[in-house]
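User: I'm new to reading protein models. Could you take me through one, feature by feature?

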Amino acid sequence: MEQLLLVLAVPLLGGFVLALCGHRDYAPEVNVGVSLGTLVAAGLLTARIIDRGPMLAFDDQFFVDPLNVFLIALTAFVGFTTSVFSRPYMRHERDCGKMTPGRMRLYHSMYQLFNFTMLVALSTNNLGILWVAMEAATLTTVLLVSVYRTAASLEAAWKYFILCGVGIAQALFGTILLYLAADKVIGAGGGALLWTNLEAVKAQLEPNVMALAFVFLLLGYGTKVGLVPVHNWLPDAHAEGPTPISAVLSGLLLNVALYAVLRCKMLTDGALGNHLAGHLMIGFGLLSVVAAAFFLSRQKDIKRMFAYSSIEHMGLMTFAFGLGGPIANFAGLLHMTVHSLIKSAIFFAVGHAAQSAGSQLMEKIRGLIKVNPMVGWGLLLGTLAILGMPPFGVFASEFLILTTAMRDLPWATPFLLLALGVAFASIFSRVQEMVFGDTDLKPLEHPPALLPVFVHLGLGLMLGVYIPPYLVDWYQQAAKMIGG
């Protein structure tokens, strides 16, 4: 229990501290220190779960098991590396006049509160608290997306708030329906929204109510996942917000929303005894993969392009979890991990590249290999990794998903292959020009934070070549829980 308390308390207290001193010169170091503390606490919690198994805490309102503990560890890790990246990045933004002291204080405090809301959403046992935490994550990221206070960033934040507000309202209605189905079995005083209680009686839940509840929950939380056609907020939010926020949105928040969908799917599968939830996830996932791949070819802003890449990959994960079974679920969890690592590394490199060029337009970003070779190589390797080139981990997870689809759903395989091919051509042709084209740009005045880029890429490479045995056991336990 102490480990979970630390995981939640450190970012919460850090947010309050940075609300007071977030404008000071030492604030980026405080942000890094708080994020490191969260990572250490997450490591202690992970060791506790591996050693002793699942645990309930705080009057059964919080629950940690093999499914969510690896996401807690991943969230804490990417949150830490992103804070390291943001030190020089946000100082450059301040020196350029984009960030005032008040905005720096808002950025640092909301960054920690955003991490706190995600960790609460991942660790809570109460589906009502899960909904509240997802709504709180929306509110904190609205402030982060709009932190530059430009017309475009305010418009993107407003669009994000409205669309995700509509989505989260649908998730609330789905949660109410779920409560109505559970109340008849568990009773009002028996914790009808506690996931562990629901899991124990899922076979007794009213099938028709559960089917309707899952539709609303999938649409509601699917808005946060970025599934087509409820994805429209995501490219704007990525393009207009600070690049560190783009990294955690793609690498973390989308995972948390998909985790909420998975928890609901597990209950729905048990109540219905069929694959309705999986079929819905397959449909939305496949549509997202195909639509995002074709949207990629139309983009001119580099952050918008990689935002659509995130939609594509979240669709691929949703498709894999919809297929279900030990292999597809294993592949979905692996893809969730490597996508978080690789996509955040790409946004780190993109942030430095855009600062060097003074623009996010791809036609103005040229010759990165000459201006800053390490940024250029980071962007190139990250792009090859996210496009599924071997031996990176994305290749391994996509290979498992495709081969499972060939066996279980052969008609969908050509659509997946077409989408992946279009995405490869669209992204690589643009990145190649940005890395190797002619340029007269000058190197950045401040040294970029490149260690997080290559640490993430190194881990993504390792997961394509060798997955540690304890991580394999982790994935296998979680995949068995998801079922399908």
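User: Let's start with one residue: is Ser-426 buried or exposed?

Analyst: First, a word on the model: it is predicted, so local features need pLDDT of at least 70, side-chain atom pairs count only at pLDDT 80 or more, and totals for chains, interfaces and linings use all residues. Residues are numbered from 1 along each chain as its sequence is written, and side-chain values use heavy atoms, with hydrogens and water left out. Now the general idea: buried means under 20% relative accessible area, exposed means over 50%, and partly exposed lies in between (1.4 Å probe, protein chains only). Ser-426 has 8% relative accessibility, so it counts as buried.

User: Where is Ser-426 placed, and what does Ser-426 touch?

Analyst: Helices are DSSP runs of H or I with at least four residues, numbered from the N terminus. Ser-426 belongs to helix α17, residues 413–436. Contact means heavy atoms within 4.5 Å. Setting aside residues up to four places away in sequence, Ser-426 touches Ala-293, Leu-296, Ser-297 and Met-305. In addition, a polar atom of the Ser-426 side chain lies 2.8 Å from the backbone oxygen of Val-422.

User: How do helix α11 and α17 pack, and at what angle?

Analyst: Axes are lines fitted to C-alpha atoms, for helices over the stretch in contact, and angles run from 0 to 180 degrees between N-to-C directions. Helix α11 (residues 276–296) packs with α17 at about 30°, and their axes are 8 Å apart. Angles under 35 degrees count as roughly parallel, over 145 as roughly antiparallel, 65 to 115 as roughly perpendicular and the rest as oblique. The two helices α11 and α17 are therefore roughly parallel. Among the residues making this contact are Val-289 and Ala-293 of α11, along with Val-422 and Ser-426 of α17.

User: Which way do α5 and α10 run relative to each other?

Analyst: Here the axes of α5 (residues 127–145) and α10 (residues 243–272) come within 12 Å and cross at roughly 160°. These helices are therefore roughly antiparallel to each other. Their contact includes Leu-130 and Met-134 of α5, and Leu-253 and Val-256 of α10.

User: One last residue: is Phe-330 buried or exposed?

Analyst: Phe-330 is buried, with a relative accessible area of 14%. This residue sits in helix α13, residues 326–357. Leaving out neighbours within four places in sequence, Phe-330 is in contact with several residues, including Leu-400, Ile-467 and Tyr-475.

Notes:
A polar contact is a pair of N or O atoms within 3.5 Å; within protein, one must be able to donate a hydrogen and the other to accept it, and residues adjacent in sequence count only if both atoms are side-chain atoms.
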